[in-house]
Amino acid sequence: MILLVLSYLAFAVLGLRESLLGASWPLMAGDLHAALTDAGTVSLVMSLATILASLVSHRVLRRFGMQRTTGTALSVMGIALVGIACAPSLGWVVGWAALLGIGPGLAEPSINYHMAANHSAASMSGLHCSWGVGALASPLLIAQIHGMGSGGWRAGYRMIAVMQLCAAVLFFLASFFAKRTAAPALGMQQEESPPVGGMLSILRKRGAVWVAVSVVMCCALETTIALWGTSYLVQARGLSGDTAARWLSAFFVGITASRLACGLLAHSLKAYRLILCGIGVVMCGLVMLLLLRGQNGGLAAFILLGAGIAPIYPTILHQVPVYFGAENTQAAMSVISAITYSSITLLPFASGLLFARVSFEQMPLLLLGYALLLLLAVCRRSANSSNGQG
């Protein structure tokens, strides 16, 4: 139970830092004498570091266990945030950004593996709900940063660094007391089990391709709406910037509220049906977005889109032991995390190229295509499964 609470805390802290770079960069750029476009370089360096760390996370987890791996990852992130807060120039920020990217690449697969191996689907949904709570709280911190003037961003980074380091200390204490009591820590029996094959063998397993496609399409839906949703509302629907921002915030409220509700429904719905229900809600939201032009209908559509997307990714993660076998779960989580961060890095860039050539009015059709591919992948994975979806 203690480790479950700590996992929720860690994911909330991870969510807190999500919008920090983008929202604080206008202040950072002026203070560091950098261009506004340099934020893309910093973000890319962080993403590449996260992808690389994800690929080796299963080896680190197998060697050190969940508590020490997560504690170390949070410590690295805290140190990197302090480094960025003290950075005198852009070069230093880029260097610390590489270190900052390593943390999520180690922490998230470690915690996701522990939850999939030792807890229910409801707990997994609650875990990702806690991430959403952190992401929703982040704008409040950003507003405080802007109110502190040009140097206030440094205080904001230090504030989140303290939170990261405090969470790291709690994980190290959990590991220490687990050893002192001579009792196996939660999840350690699973974590120390030897793997059957490497990461290439994971990708060759039956149905692995469809799991990967499901993850990519889920990321495509969420990142496209998160990045381009406001632009679509302004360009295609004629909304003001303030109204469009409120609609987009409703999307994230839908994600957080739905993950909380799905934590209750997960006990009564099988994973396969829960994913299908999520896709169905997404389809309903897209139909509303295409057919209803009024503000109330559009706002409800964004809420439905968030609510439908919410249960899909956590449910896929919880089913990893079923898809790949308990002995391969560590390596599979590493592969899925790498695919996730690669999708988050590349898909916004690809969609940006697309919207540079076609009207933003086509975005609902693009999202519909993603949803149909997601439905196809989920159904094919179910058909290919020899163990069932659980």
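**Close-up 1. Trp153 and Tyr157 sit about one helical turn apart in helix H6.** In this predicted model, helix H6 covers residues 152–180, and the two aromatic residues are separated by about one helical turn because they are four residues apart in that helix. Take a look at the two rings: how far apart are the centres of Trp153 and Tyr157? They lie 5.7 Å apart, and the ring planes stand at 90°, so this pair is edge-to-face. The label follows because planes over 60 degrees apart count as edge-to-face. Trp153 and Tyr157 are both buried. A search of the whole structure turns up seven aromatic pairs, and the next view shows another.

**Close-up 2. Trp228 and Phe355 form an aromatic pair between helices H9 and H15.** The geometry here is again given by the rings: 6.0 Å from centre to centre and 70° between the planes, which is edge-to-face. Trp228 belongs to helix H9, while Phe355 belongs to helix H15 (residues 329–355), so the contact ties together parts that are 127 residues apart in sequence. Are these two residues buried or exposed? Trp228 is buried, with a relative accessible area of 19%, and Phe355 is buried too, with 8%. For Trp228, the call rests on the cut-off, because buried means under 20% relative accessible area. Ring pairs also bring in Phe360, linking it with Trp228 and Phe355 into a cluster.

**Close-up 3. Helix H9 packs against helix H16.** Two packed helices are described by the angle between their axes and the distance between the axes. For H9 (residues 208–235) and H16 (residues 363–384), those values are about 160° and 8 Å. H9 is therefore roughly antiparallel to H16, and their crossing is left-handed. Which classes of residue make up the contact of H9 with H16? There are 20 nonpolar residues, four polar and two charged.

**Close-up 4. Helix H1 crosses helix H3 at roughly 25°.** The axes of H1 (residues 2–16) and H3 come within 12 Å. H1 and H3 are therefore roughly parallel to each other, and H1 passes H3 in a left-handed crossing.

**Close-up 5. His33 lies in the loop between helices H2 and H3.** Helix H2 spans 20–32 and helix H3 spans 38–85, with His33 in the loop between them. If you check the backbone here, you will find a positive phi of about 55° at His33, although this residue is not a glycine. His33 is exposed, with a relative accessible area of 74%.

**Close-up 6. Arg63 lies over the face of Phe64.** In this small view, Arg63 is placed at 4.9 Å from the centre of the Phe64 ring.

**Close-up 7. Met115 and Ala338 are two buried residues, each shown with a partner from elsewhere in the sequence.** Met115 is found in helix H4 (residues 90–118) and is buried, with a relative accessible area of 0%. Its partner in this view is Leu3: the two are 112 residues apart along the chain, and their C-alpha atoms are separated by 9.9 Å. Ala338 lies in helix H15 and counts as buried at 7% relative accessibility. Which residue is shown with Ala338, 286 residues apart in sequence? That residue is Leu52, 7.4 Å from Ala338 in space, C-alpha to C-alpha.

Definitions and conventions: Residues numbered from 1 in each chain as written. Predicted model: local features only at pLDDT ≥ 70, side-chain atom pairs only at ≥ 80, totals over all residues. Heavy atoms only, no water. Axes fitted to C-alpha atoms, helices over the stretch in contact; angles between N-to-C directions. Parallel < 35°, antiparallel > 145°, perpendicular 65-115°, else oblique. Left-handed = near helix turned anticlockwise from the far one by under 90°. Nonpolar A, V, L, I, M, F, W, Y, C, P; charged D, E, K, R; others polar. Phe/Tyr/Trp six-rings, centres within 6.5 Å; stacked < 30°, edge-to-face > 60°. Buried < 20%, exposed > 50% of the residue type's maximum accessible area, 1.4 Å probe, protein only. Lys NZ or Arg CZ within 6 Å of the ring centre and 35° of its normal.
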